[in-house]
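Please look over the model shown below before reading on. The report is meant for someone meeting this structure for the first time.

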Amino acid sequence: MKKQKIVITGGPGTGKSSIIRQLEKHGHECLHEISRQVTLEAQKQGIDQLFLEKPLLFSEKLLEGRKIQHREADMIPTPTIFIDRGLPDVLAYMDYFKTEYSSYFTDACKEYSYDKIFFLPPWEEIYQSDNERYESFKEASLISKYLFETYKTYGYTPIVVPKTSITDRTTFILNQI
């Protein structure tokens, strides 16, 4: 049986991590978002906001981390793995910030594929900023559009998750698999 790699994506503050934690509570294997980890590593090296100071390097580190996650998913002995963001997210953010990038990025998105994409739309009532999430809700909404379009560019049909409770959103996702 083929392993299913399922991405949970959406703009900042849409509830991705909460849904991933809920899936884990129900015994599902999940791989977490790595951008905060990349940011913390850079801070240990004296770069306060790698994303702002060296955006291409930040994106390269994210892409490499997500490629590693993709390979890790193959090693997990369960038929379904949920992943908080996929490789196309990196390109969507670079496009949003008008960062130029090489075919290295686009080639990776073609090489590493996923089975389903669940998209969490912008939701102002739950949106919160923090030390790593500094975008306004308006900016987060625009990033969401870039994410949705980028996944479509790579041949995916993102499934939009309704704006309901975490439990209901998680149930919706599980019922679609």
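What follows describes the overall fold, then a set of strands, and then some individual residues and their partners.

## The model as a whole

The structure is a predicted model, and the protein in it contains eight helices and five strands. Read from the start of the sequence to its end, these elements come in the order β-α-β-α-α-α-β-α-α-β-α-β-α.

The C-alpha trace spans about 40 × 35 × 30 Å along its principal axes. A compact globule of 177 residues would have a radius of gyration near 16 Å, and the protein, with 15 Å, agrees with that expectation. Buried residues make up 48% of the 177 residues, while the accessible surface comes to about 9,200 Å², with 51% of that area belonging to carbon and sulfur atoms. Among contacts with a separation of 6 or more, 78% are between residues 24 or more positions apart.

## Strand 3 and its neighbours

Strand 3, which covers residues 80–84, is mostly covered, since five of its five residues are buried. Thr80, Phe82 and Asp84 point one way from the strand, whereas Ile81 and Ile83 point the other way, and all of these residues are buried.

Strand 3 pairs with strand 1 in the parallel sense over five bridges, and one of the residue pairs to look for is Ile8 with its bridge partner Asp84 in strand 3. Strand 2, made of residues 29–31, also runs parallel to strand 3 and is joined to it by three bridges; here Glu29 has Ile81 as its bridge partner in strand 3.

Thr80 lies in strand 3, and with a relative accessibility of 17% it counts as buried, because the cut-off for that class is under 20%. Leaving aside residues up to four places away in sequence, Thr80 touches Gln4, Ile6, Glu29 and Ile177.

## Thr9 and its surroundings

Thr9 lies in strand 1, which runs over residues 4–10. How buried or exposed is Thr9? With a relative accessible area of 0%, Thr9 is buried. When residues up to four places away in sequence are not counted, Thr9 touches Lys16, Arg85, Asp89, Ile117, Phe118, Phe119, Leu120, Leu147 and Tyr151.

One of these neighbours, Asp89, is also joined to Thr9 by a polar contact of 2.6 Å between the two side chains. Asp89 in turn forms a salt bridge with Arg85, in which the closest N and O atoms are 2.6 Å apart. Both partners of this salt bridge are covered: Asp89 is buried at a relative accessible area of 1%, and Arg85 is buried at 5%. Salt bridges that share partners join Glu33, Arg66, Arg85 and Asp89 into one network.

## Other salt bridges

Side chains of opposite charge can pair when their charged atoms come close. How many salt bridges does the count come to? The count comes to seven salt bridges, and two of them are described here in addition to the pair of Asp89 and Arg85.

In one, the side chains of Asp74 and Lys5 meet with an N to O distance of 2.6 Å. Asp74 lies in helix 4, residues 55–75, and Lys5 lies in strand 1, so this pair ties together parts of the protein that are 69 residues apart in sequence. The two partners fall into separate accessibility classes, because Asp74 has a relative accessible area of 43% and is partly exposed, whereas Lys5 has a relative accessibility of 9% and counts as buried.

In the other, the side chains of Glu41 and Lys44 meet in a salt bridge with an N to O distance of 3.5 Å. Glu41 and Lys44 both lie in helix 2, residues 35–44, where they are three residues apart, about one turn of the helix. Glu41 is partly exposed, with a relative accessible area of 40%, and Lys44 is exposed, with a relative accessible area of 69%.

Note on methods
Residues numbered from 1 in each chain as written. Predicted model: local features only at pLDDT ≥ 70, side-chain atom pairs only at ≥ 80, totals over all residues. Heavy atoms only, no water. Helix = DSSP H or I, 4+ residues; strand = E, 2+ residues; numbered from the N terminus. Buried < 20%, exposed > 50% of the residue type's maximum accessible area, 1.4 Å probe, protein only. Polar contact = N/O pair within 3.5 Å; in protein donor to acceptor, adjacent residues only side chain to side chain. Contact = heavy atoms within 4.5 Å. Salt bridge = Lys/Arg side-chain N within 4 Å of Asp/Glu carboxyl O. Pairing = 2+ DSSP bridges. Rg over C-alpha atoms; globule rule 2.2 N^0.38 Å. Areas by Shrake-Rupley, 256 points an atom, 1.4 Å probe, with all protein chains shown as cover.
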